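Work through the exercises below with the sequence and the coordinates open. Each task is followed by a stepwise solution.

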Amino acid sequence: MDADEEDCVAAWWDMVVRNVRCVPQRCDTLRRKIAAQYNSFTSKSLMEHIFPPLMDMLIYFNFFKAPFLVDLKRPELKLPHTVNFYIKVEPGVILGIWHTVPSCRGEDAKGKDRCWYEAALHDGNPIIVYLHGSAEHRAAPHRINLVQVLSDGGFHVLSVDYRGFGDSTGKPTEEGLTADALCVYEWTKARSGTTPVCLWGHSLGTGVVTNAARVLEEKGCPVDAIVLEAPFTNMWTASINYPLLKIYRKLPGFLQTLMDALGKDKIVFPNDENVKFLSSPLLILHGEDDSTVPLEIGKQLYEIAYNAYRNKERVKMVIFPPGFQHNLLCRSPTLLKTVRDFLSQQWA
């Protein structure tokens with residue numbers, strides 16, 4: 001064996017010795033990590049491990065991506081004069097959005113690309129950024145029906161799927177959904193010229209809307225108008241009145257576990273606190289026979305907002321007769337007139 005070979009063997013043997021010496025230290029580190037994980041797991045009840053992710057699922061329900069087999073990239077198969085596009089909110093989060101132009105511009109929109117639709121946002125027709133409730137995505141039938149009604153009434157409508165919904169990437173959190181709403185609203189305002197932009201939230205979306213509106217208010221840029229459809233006061237109230245959870249309310253410790261789970265996941269959506277800081281025109285819509293978010297909760301939110309607003313004429317609540325439940329106010333023959341009259345008065 002020559003000198004070079006001896007050097008190589010010596011270096012190899014030195015490396016082996018060093019690694020062998022490190023084995024006990026590495027095993028000790030691994031043991032400590034396993035012990036820490038075990039202690040962390042056993043220090044909590046099984047309910048504490050299960051409830052937070054379960055509440056996430058129940059509140060956002062974004063894993064239920066119905067209707068199935070819908071090509072979200074081809075909205076024209078579901079809605080006329082509509083284009084699909086995407087906005088990047090932050091690294092790893094890209095939102096899928098449908099832009100439906102007013103029906104009066106339907107002929108102009110034929111064969112046009114996304115650039116034409118984007119330019120159309122400053123054509124003077126009012127714009128609604130629609131933020132939906134939990135579950136499903138922007139192609140859900142009741143959402144499409146509402147967009148069609150608003151389009152026929154002369155509105156541009158941007159139907160947004162939050163992060164984790166539809167074909168949008170990312171995972172839903174309250175902070176994340178609020179960031180999504182802010183991003184889309186500011187993107188729209190940057191392209192709308194003097195055309196007003198309204199934030200419309202339904203159910204879960206009402207919490208997203210007021211969160212975003214409060215942030216914009218604090219920046220000195222109030223939202224042009226807000227429509228809250230079937231709103232709740234806060235997620236705690238909404239959760240304990242949720243039909244699937246009502247039957248468990250009398251179980252010992254259930255309410256405390258529920259409260260802890262919401263706190264751990266930082267799920268609040270405090271509409272009742274947010275409206276105290278708003279000055280934007282605010283229209284609240286609620287169905288009399290809404291069993292998902294009872295009418296009384298919507299009335300409570302209206303009272304809080306009305307008492308907080310300096311200009312009382314900027315706050316209005318409209319209650320719809322039985323027959324429309326939680327998702328179907330779009331079928332009311334008076335919905336469009338109610339919205340148009342309110343916005344026209346506020347934007348006059």
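**Exercise 1.** In which helix do Y302 and Y306 both lie, and how many residues apart are they?

Solution. Both tyrosines lie in helix α12 (residues 295–308), four residues apart, which is about one turn of the helix. Helices (H or I, at least four residues) and strands (E, at least two) are DSSP runs, numbered from the N terminus.

Before going on, note the conventions. This is a predicted model, in which local features need pLDDT of at least 70 and side-chain atom pairs count only at pLDDT 80 or more, while totals for chains, interfaces and linings use all residues. Residues are numbered from 1 along each chain as its sequence is written, and side-chain values use heavy atoms, with hydrogens and water left out.

**Exercise 2.** Classify the ring pairs Y302–Y306 and W116–Y117, and give the burial of each residue.

Solution.
Step 1, criteria. A pair of aromatic rings is described by the distance of the centres and the angle of the planes. Rings of Phe, Tyr and Trp (its six-membered ring) pair if their centres lie within 6.5 Å; planes under 30 degrees apart count as stacked, over 60 as edge-to-face and the rest as tilted.
Step 2, search. The whole structure yields seven aromatic pairs.
Step 3, W116 and Y117. Their ring centres are 5.2 Å apart and the planes stand at 85°, so this pair is edge-to-face.
Step 4, Y302 and Y306. Here the centres are 5.8 Å apart and the planes are at 35°, so the pair is tilted.
Step 5, burial. Buried means under 20% relative accessible area, exposed over 50%, partly exposed in between (1.4 Å probe, protein chains only). W116 is buried because its relative accessible area is 19%, and Y117 is buried at 4%. Y302 counts as buried at 18%, whereas Y306 counts as partly exposed at 31%.

**Exercise 3.** Describe the open sheet of eight strands and its pairing.

Solution.
Step 1, order. The strands run β1-β2-β4-β3-β5-β6-β7-β8, with mixed pairing. Two strands pair if DSSP finds at least two bridges between them.
Step 2, edges. β1 (82–90) and β8 (315–320) are the edge strands, each pairing on one side only.
Step 3, antiparallel example. β1 and β2 pair in the antiparallel sense over eight bridges, with K88 opposite I94 in β2. These two strands form a hairpin with two residues between them, and G92 in the turn has a positive phi of about 90°.
Step 4, parallel example. β5 (residues 197–202) and β6 (residues 225–229) pair in the parallel sense over five bridges. W200 has V227 in β6 as its bridge partner.

**Exercise 4.** Where does T206 sit, and what does it touch?

Solution.
Step 1, place. T206 belongs to helix α7 (residues 204–218).
Step 2, burial. Its relative accessible area is 0%, so T206 is buried.
Step 3, polar contact. The T206 side chain reaches the backbone oxygen of S203 at 2.6 Å. A polar contact is a pair of N or O atoms within 3.5 Å; within protein, one must be able to donate a hydrogen and the other to accept it, and residues adjacent in sequence count only if both atoms are side-chain atoms.
Step 4, neighbours. Not counting residues up to four places away in sequence, T206 touches G201, L228, E229, A230, P231, F232 and N271, where contact means heavy atoms within 4.5 Å.
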